[in-house]
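Got the viewer open? Let's take a walk through this structure, one selection at a time.

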Amino acid sequence: MKATAIAHTNIALIKYWGKRDENLILPANSSLSITLDKFYTETSVEWMEDAKNDLFSLNGQIKQDAKVAQFLKILRAELDIPYFAKIDSVNHVPTAAGLASSASAFAALAVAGSAALGRQDDLANLSRLARRGSGSAARSLFGGLSIWEKGSRLDGLDSYAVPFNSPLTEKMAVVVAVVSDAEKAVSSRDGMKSTVLTSPFFHEWIQTAEEDLRNIKSAFLSGKFVEVGEILEHNAMKMHATTLGAKPPFTYFSPASLTVMDEVRKLRDEGIPAYFTMDAGPNVKIICLRENEKMVSSRMQKLVKDVYICHAGEGAKVIQVD
Ligand code: 2P0
């Protein structure tokens, strides 16, 4: 009754920002992401017939984590199992990368939790399960590009991710410019909630995000990188604009994020197609073609401390069953 799984982090190119159901973690809009090859979480789950409580360790240290505790309750209900679990999780995400790991964490936990019961859940089901831990985790089930369909059902059964193929997937690089590894002041969960409740821009964000998704899919299918880049950058900036309209207003931009964005614009002026995106923190991810990744990375190294070059990574998988 023990299994180990790995899942990689992902970066959204069309962002998930806002829930239509907080409890079931159902998004207000569909999103599209690329799974990264460099950063992943490895998690083993052992369901223990005699245990009186769950035991969770992260990077070798026992931790109390409310989101993990809640997710284990959901796993027990969904997988129909009465036992508590022993969970050992290791994040292969350098702390200095300042990248959120909840996507890889809950994807790995869902996959290992199911495999430890000897179940053969399909990927859609595992994606649905992972979503209950953290929305973006639904997308980490798949390698390359993945689309999390928002679905329309109240019970969320049609809200899960599916893989999406493009001739660009293997040609692209994601250069992560680490501006800061500090804990974010406003968590994505709280930030999203406040935006939904108070930002007058939220409605427009949702309307245009669906349009962005349609357009980026078509650009990806026809292999038009510049179009992909323009859409993803605009989409990210619109997401961040909603936070300035929230009450109280907040932003994930830091002065250094803006400096990095300026440098990306300069690269474009010089003829290098490179585009930026940002998540619920100050680090900037630059999407470019592999052929330009070294140039982009060396320009970023002059501005920030840490830079990582990533490519499309693989989907979540079971690596051991004991
Ligand atoms: C995304 N983010 O699409 C967006 C863009 C951050 C900015 O998904 O509340 O940790 O656990 O569902 O998945 C981060 O939010 O939030 C996120 P919950 P999650 O990647």
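Below is a tour of the two domains, the ligand and a few spots on the chain.

**Stop 1: the two domains**

Before you start clicking, keep in mind that this is a predicted model. Colour residues 2-166 as domain 1 and residues 169-310 as domain 2, since that is how the protein chain is divided. Put a marker at the C-alpha centre of each domain, and you'll find the two markers 23 Å apart. Now select the residues that make the contact: 37 come from domain 1 and 46 from domain 2.

**Stop 2: where the domains meet**

Stay at this boundary for a while. About 3,400 Å² is buried between domain 1 and domain 2, and carbon and sulfur atoms give 68% of that area. Which three residues supply the most on the domain 1 side? Select L13, K15 and W17: together they account for 26% of the area that domain 1 buries against domain 2, more than any other three residues.

Keep K15 selected and add D279. These two residues form a salt bridge, with their closest N and O atoms 2.7 Å apart. Across the interface of the two domains, one salt bridge is found. Polar contacts are there too, in twelve residue pairs.

Next, show the strands. On the side of domain 1 that touches domain 2, the elements giving two or more residues are β1 (2-14), β4 (31-48) and β8 (145-148). Pick out β4, which gives the most, with six residues. Then colour this side of domain 1 by residue type, and you should get 20 nonpolar, ten polar and seven charged residues.

**Stop 3: the ligand**

Click on the ligand and bring up its neighbours. How many residues surround the ligand? There are 17, and the closest are Y16, K19, S134, G135 and S136.

Now turn on side chains and check some distances to the oxygen atoms of the ligand:

- S136: an N or O atom of the side chain is 2.7 Å from a ligand oxygen.
- R139: a polar side-chain atom lies 2.8 Å from an oxygen of the ligand.
- S102: the side chain has an N or O atom 3.2 Å from a ligand oxygen.

**Stop 4: a link along the chain**

Zoom out again. The whole structure holds 15 salt bridges. For one of them, select E78 and R132, whose closest N and O atoms are 3.4 Å apart. This pair links distant parts of the chain: E78 sits in helix α1 (residues 66-79), while R132 is in the loop between α3 (123-131) and β8, 54 residues apart.

**Stop 5: two backbone details**

Switch to a backbone view for the last stop. Is the peptide bond from K247 to P248 cis or trans? It is cis, with omega near 0°. To find P248, look in the loop between α6 (225-244) and α7 (255-269).

Finally, go to the loop between β2 (19-21) and β3 (26-27), where you'll find I25. Although I25 is not a glycine, it has a positive phi of about 50°.

Conventions: Residues numbered from 1 in each chain as written. Predicted model: local features only at pLDDT ≥ 70, side-chain atom pairs only at ≥ 80, totals over all residues. Heavy atoms only, no water. Domains from an automatic or database assignment. Contact = heavy atoms within 4.5 Å. Buried area = accessible area lost by both parts, 1.4 Å probe. Salt bridge = Lys/Arg side-chain N within 4 Å of Asp/Glu carboxyl O. Polar contact = N/O pair within 3.5 Å; in protein donor to acceptor, adjacent residues only side chain to side chain. Helix = DSSP H or I, 4+ residues; strand = E, 2+ residues; numbered from the N terminus. Nonpolar A, V, L, I, M, F, W, Y, C, P; charged D, E, K, R; others polar. Near = heavy atom within 4 Å.
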